[in-house]
Amino acid sequence: MTEVYLSRLLLDLTQPEVRRNLSDIYQLHRTILSAFPQALAGTSARQHFGVLYRVESIAQTPLQIRLLVQSTSAPDWSRLPATFFAPPLDERGNPSIRRIDNDYTRITAGAQFFFRLRANPTRRLSNRASEREDRLAGKRVALLREEEQLVWLERKGAQHGFRLLKTHLHPEIPAVQVARQGTDRGKRRTMDNRDIMPLTFGATLFTGFLEVTDANRFRTTLIEGIGSGKAFGFGLLSIAGSSNELSGPLPTS
């Protein structure tokens, strides 16, 4: 199986450069990729190194932020300024890196996990001008209602080898909490380098319970992520069993 690394970085929110990165998703994307070698020309560095990441707040330490980065190549976090890093919270140090692909290989169909996913649920509008305005035809739009977001997640599960477990009291309701996290923004230059293009992604945090239906597809999903916006902090599916932590500190760290 492909090597998979999980890094945990505790960032110091008192540092202006950290706050600048967190306020611009494109800048954070570039900072994270700076820990990896140069990719071949014409190749997406994020895809080449299998990079997925998620930013999480830490309730106990409000002046720190947790950045989880999964990759298929080992990163070199010494390339980031030392001032980025907050004091370590535990014996794992900061930053910490560990291999998790052996954990993934043990996953079997029928296994149940607690999961966390920060996603950008969207749908693509019809290209037929008769159905909508031309300016929106073929564009992706955010799904804002909780019911739509849950349907989106259930559909992704069917595609990616898992199903959402249901609540005991209401078997028709998925055992999933849905939390809107506002809008992530950034800016980048256009391909011709002439203009600045704004970036806007609606963020939703899903937490709940799932069951694996297809182990091979599920393992691929853990490595490749779910949905759009993977370059900007979306799509990393983290799981944990009742006793074994697999890909990230769930529910707390």
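Begin with the whole protein chain displayed: the chain exposes about 13,300 Å², and carbon and sulfur atoms supply 50% of that area. Accessible areas here come from the Shrake-Rupley method with a 1.4 Å probe, and for residues only the protein chains shown count as cover. This is a predicted model, in which local features need pLDDT of at least 70 and side-chain atom pairs count only at pLDDT 80 or more, while totals for chains, interfaces and linings use all residues. Residues are numbered from 1 along each chain as its sequence is written, and side-chain values use heavy atoms, with hydrogens and water left out.

**The whole chain**

Colour the chain by pLDDT, the predictor's confidence in each residue, from 0 to 100. The average is 89, and 90% of the residues score at least 70. Next, select residues 242-253, where the pLDDT is below 50; beyond near neighbours in sequence, this stretch has 39 contacts in the model (contact means heavy atoms within 4.5 Å). Where pLDDT is low, the predicted coordinates should not be read in detail.

Switch to a cartoon view to find six helices and 11 strands. These are DSSP runs numbered from the N terminus, with helices (H or I) of at least four residues and strands (E) of at least two. Among these elements, strand 1 (residues 5-12) has the highest mean pLDDT, 98, and strand 7 (residues 140-142) the lowest, 80. Of the 253 residues, 50% count as buried (buried means under 20% relative accessible area, exposed over 50%, and partly exposed in between, with a 1.4 Å probe and protein chains only).

**Strand 1 and Leu11**

Select Leu11, which lies in strand 1. Leu11 counts as buried, at 4% relative accessibility. Which residues does Leu11 contact, leaving aside its neighbours within four places in sequence? Among them are Val18, Leu63, Ile65, Phe84 and Phe85. Display the C-alpha atoms of Leu11 and Ile65: they are separated by 5.2 Å, although the two residues stand 54 residues apart along the chain.

**Strands 2 and 3**

Ile65 leads on to strand 3 (residues 64-71), which runs antiparallel to strand 2 and is joined to strand 2 by six bridges; two strands pair if DSSP finds at least two bridges between them. A hairpin of six residues connects strand 2 to strand 3. Select Tyr53 and find Val69 of strand 3 opposite.

**The salt bridges**

The structure holds 17 salt bridges, each a side-chain nitrogen of Lys or Arg within 4 Å of a carboxyl oxygen of Asp or Glu. Start with Arg116 and Glu56, whose closest N and O atoms are 3.1 Å apart. Arg116 lies in strand 5 (residues 112-119) and Glu56 in strand 2 (residues 52-57), so this pair ties together parts that are 60 residues apart in sequence. Are these two residues buried or exposed? Both Arg116 and Glu56 are buried.

Move next to Lys187 and Asp24, where the closest N and O atoms are 3.7 Å apart. Lys187 belongs to strand 9 (residues 176-189) and Asp24 to the loop between helix 1 (16-22) and helix 2 (25-33), so the pair ties together parts that are 163 residues apart in sequence. Asp24 counts as buried, at 12% relative accessibility.

Finish with Lys166 and Glu154, whose salt bridge spans 2.9 Å from N to O. Lys166 sits in the loop between strand 8 (162-164) and strand 9, and Glu154 in helix 5 (residues 146-160). Lys166 is partly exposed, at 32%, and Glu154 is partly exposed, at 32% relative accessibility.
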